[in-house]
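Student: I'd like to go through this model and ask where each label comes from. Can we set the values against the cut-offs as we go?

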Amino acid sequence: MRIQPTPYDHPDAVKLQDAVQAEYAVRYDSEGDATPLDPAMFVPPRGLYLLAYDAEDRPVASGAWRRQDENEEGYADGDAELKRMYVVPEARGLGLARRLLALLEDDARAAGRTRMVLETGTAQPEAIALYVSSGYEPCAKFGHYRHYESSRCFAKPLV
């Protein structure tokens, strides 16, 4: 597997974003994740978007972080928000999500961020299990879905 920084609007990134949105739509009986995102949010040093490629050079996993500071959506100064963690079904169970998560945490730490935060939902128990086993703990809700009952927010210190 090869993991590399990639622009958020690269065609391979868009392909995986469409796949994760389709999965969210099924899991949550909705249109997917409506959180407003802009490619500029993931340009270093304000963020990072990573893609993992398999031996046949197919994109099989993604993950990103974006800078957040205190605002009306409940973020705190120094936050790095995890976004777009996704592994295609045929590549699950290979440890890609855990590898991406560690790389993203390291990059956010190097960029001076002090806490990694993420929002997921109750229809993603495997994601919750990954984050909890990686040292994330429940925290006050934040972000676009903070008022949804199915929303679950987690945080991990990066210092």
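What follows is a chat about the sheet, the helices and a few backbone angles.

Tutor: Ground rules first: this is a predicted model, where local features need pLDDT of at least 70 and side-chain atom pairs count only at pLDDT 80 or more, while totals for chains, interfaces and linings use all residues. Residues are numbered from 1 along each chain as its sequence is written, and side-chain values use heavy atoms, with hydrogens and water left out.

Student: What makes β2 and β3 paired strands?

Tutor: Strands are DSSP runs of E with at least two residues, helices are runs of H or I with at least four, and both are numbered from the N terminus. Two strands pair if DSSP finds at least two bridges between them. β2 (residues 47–53) and β3 (residues 59–68) have seven, in the antiparallel sense, so they pass that test. One of the links has Y49 with A64 of β3 as its bridge partner.

Student: Which order do the strands take in the sheet?

Tutor: The open sheet has seven strands, ordered β1-β2-β3-β4-β5-β7-β6, with mixed pairing. β1 (2–5) and β6 (137–138) each have a single partner strand, so they stand at the edges with one side lacking a neighbour in the sheet.

Student: What makes the pairing "mixed"?

Tutor: Look at both senses: β4 and β5 run parallel, joined by three bridges, whereas β3 and β4 are antiparallel over seven. For residues, E81 has V117 of β5 as its bridge partner, and W65 has L82 of β4. Further along, β5 and β7 are antiparallel with seven bridges, and G121 stands opposite S151 in β7.

Student: How many bridges join β6 to β7?

Tutor: Two, running antiparallel, so the pair meets the minimum of at least two bridges. P138 has F154 in β7 as its bridge partner.

Student: Why is β4 called mostly covered?

Tutor: Buried means under 20% relative accessible area, exposed is over 50%, and partly exposed lies in between (1.4 Å probe, protein chains only). In β4, nine of nine residues are buried. β7 is also mostly covered, with five of its seven residues buried.

Student: Why are α2 and α3 called oblique to each other?

Tutor: Axes are lines fitted to C-alpha atoms, for helices over the stretch in contact, and angles run from 0 to 180 degrees between N-to-C directions. Under 35 degrees is roughly parallel, over 145 roughly antiparallel, 65 to 115 roughly perpendicular, and the rest oblique. The axes of α2 and α3 cross at roughly 50° and come within 11 Å; the two helices are therefore oblique.

Student: Which residues make the contact?

Tutor: Contact means heavy atoms within 4.5 Å. A97, R98 and L101 of α2 meet L130, Y131 and S133 of α3.

Student: How do you know that D29 is exposed?

Tutor: D29 has 74% relative accessibility, so it counts as exposed. D29 is in the loop between α1 and β2, and has a positive phi of about 50° although it is not a glycine.

Student: What about D57, in the loop between β2 and β3?

Tutor: D57 has 46% relative accessibility, so it counts as partly exposed. Its phi is also positive, about 65°, and D57 is not a glycine.

Student: Which peptide bond is cis, with omega near 5°?

Tutor: That's the bond from P44 to P45. P45 is in the loop between α1 (11–28) and β2.
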